[in-house]
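This report covers fold, sheet, charge pairs and backbone outliers for one chain. Please have the coordinates open while reading.

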Amino acid sequence: MSEWYMEYEIEVNRPGLLGEISSLLGLLRVNIVTINGVDQGRRGMLLRTENDDAIERFELIASTMDMINVRKLRHPKLRDILAVRHGRYIQRDADDKKTFRFVRDELGILVDFMAEIFKQEGHKLIGIRGMPRVGKTESVVAASVSANKKWIFLSSTMLRQTVRSQLAGDEFSPNNVFILDGIVTRKASDERHMQLVREIMRLPAIKVVEHPDMFVRLSEYTMEDFDYIIEIRRDNDEEITYEKLEENDRMSSRSGMDFGFNI
């Protein structure tokens with residue numbers, strides 16, 4: 001069976017409209033998997049059918065109906081699935097289609113979004129921008145749990161400053177999610193750490209880089225290498241500035257809060 005996503009705008013809202021649409025789909029032997037409002041005045045449906053011709057017939061019939069306007073009818077994308085699941089589309093940058101924006105109150109949607117990416121096979125490079133304590137690392141770990149994946153920190157400041165120079169055993173598995181902090185990795189003086197990063201980058205697995213802009217400054221990688229960029233803010237107006245991030249890192253190091261170690 002094939003899956004489809006349909007989104008329609010209600011032109012004339014009246015009692016029984018949804019029932020009529022559902023009945024028409026049923027007559028064409030198209031099953032409704034999920035339905036939800038995805039925007040003001042719009043509904044989204046995930047459909048399943050054994051005959052794609054039935055979708056074409058429905059589209060033809062729907063074009064003659066004055067009550068609705070079918071806006072999208074396609075095989076579902078990840079954003080479509082999440083829109084039906086959560087009742088709205090996640091925000092995407094108008095100019096850079098691979099950049100997705102969230103605020104802290106939307107961490108549940110963000111975790112769901114990343115978990116769906118983590119479930120995919122093969123190489124995926126994800127960058128996460130955000131100020132300290134906005135939920136970056138916690139969201140990645142929660143998404144790994146949701147996707148039933150093991151997470152491996154290559155560099156991190158979650159508990160204390162961590163810089164890995166080697167992995168062992170099943171830590172090299174492509175089924176793992178590899179996480180690194182771009183600021184910590186950029187400052188690392190251990191060439192063995194960078195060699196490990198390069199090796200992991202060649203692995204057909206999920207890689208998540210916090211502070212990707214800092215990571216690419218002194219490495220051979222560019223922002224074009226990233227498949228997704230995720231931005232997390234406390235509110236829509238918060239500015240993500242790396243000058244403040246570096247200042248916080250310097251103050252943390254001077255206060256003795258970070259006890260760097262190599263593994």
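Two strands count as paired if DSSP finds at least two bridges between them. With that cut-off, strand 2 and strand 3 form a hairpin with two residues between the strands. Gly41 in this hairpin takes a positive phi near 80°. The model is predicted.

## Overall layout

The chain has nine helices and 14 strands. Its C-alpha atoms fill a box of roughly 70 × 40 × 25 Å along the principal axes. Of the 263 residues, 50% count as buried. The chain exposes about 13800 Å². Carbon and sulfur atoms supply 46% of that area.

How much of the contact set comes from residues 24 or more positions apart? Among contacts with a separation of 6 or more, such pairs account for 72%.

## The four-stranded sheet

Strands of a sheet pair through backbone hydrogen bonds, either parallel or antiparallel. Here, an open sheet of four strands has the order 2-3-1-4, and the pairing is antiparallel. Strand 2 and strand 4 (68–74) stand at the edges. Each of these has a single partner strand, so one side of each is left without a neighbour in the sheet. Neighbouring strands are turned by 25° against each other on average, direction ignored.

The pairings can be followed along the sheet order. Strand 2 (residues 31–39) is joined to strand 3 by seven bridges. Within that pair, Gly37 has Arg43 in strand 3 as its bridge partner. Strand 3 (residues 42–49) also pairs with strand 1 (residues 2–10), over eight bridges. There, Trp4 is matched with Leu47 of strand 3. Strand 1 and strand 4 are joined by six bridges and run antiparallel. In this pair, the bridge partner of Met6 is Leu73 in strand 4.

Which helix lies across these strands? Helix 3 (residues 78–86) lies across strand 1, strand 2, strand 3 and strand 4. The helix runs at about 80° to strand 2.

## Salt bridges

Side chains of opposite charge can pair when their charged atoms come close. The cut-off used here is a side-chain nitrogen of Lys or Arg within 4 Å of a carboxyl oxygen of Asp or Glu. By this rule the count comes to 21 salt bridges. The table lists some of them, with the distance between the closest N and O atoms.

| Basic residue | Acidic residue | Closest N and O atoms |
|---|---|---|
| Lys119 | Glu116 | 3.4 Å |
| Arg233 | Glu231 | 2.9 Å |
| Arg234 | Glu238 | 2.9 Å |

Is each partner buried or exposed? The cut-off for buried is under 20% relative accessible area. Take Lys119 and Glu116. Lys119 has a relative accessible area of 45%, so it counts as partly exposed. Glu116 is at 18% and is therefore buried.

Arg233 and Glu231 come next. Arg233 is buried because its relative accessibility is 15%. Glu231 stands at 7%, so this residue counts as buried too.

In the last pair, Arg234 is partly exposed, at 38% relative accessibility. Glu238 is buried, with a relative accessible area of 17%. Salt bridges that share partners also build one network from Asp93, Arg101, Arg129, Asp213, Glu231 and Arg233. Glu231 and Arg233 thus appear both in the table and in this network.

## Positive phi outside glycine

Most residues other than glycine have a negative phi. Which residues have a positive phi although they are not glycines? Asn148 has a positive phi of about 60°, and His211 also has a positive phi of about 60°.

Asn148 is found in the loop between helix 5 (136–146) and strand 8 (151–153). Its relative accessibility is 73%, so Asn148 counts as exposed. His211 lies in the loop between strand 12 (206–210) and helix 8 (212–217). This residue is buried, because its relative accessible area is 5%.

Each of these two sits in a loop next to a helix and a strand. Their burial classes are exposed for Asn148 and buried for His211.

Definitions and conventions:
Residues are numbered from 1 along each chain as its sequence is written. Side-chain values use heavy atoms; hydrogens and water are left out. Buried means under 20% relative accessible area, exposed over 50%, partly exposed in between (1.4 Å probe, protein chains only). Axes are lines fitted to C-alpha atoms, for helices over the stretch in contact, and angles run from 0 to 180 degrees between N-to-C directions. Contact means heavy atoms within 4.5 Å. Accessible areas come from the Shrake-Rupley method with a 1.4 Å probe; for residues, only the protein chains shown count as cover.
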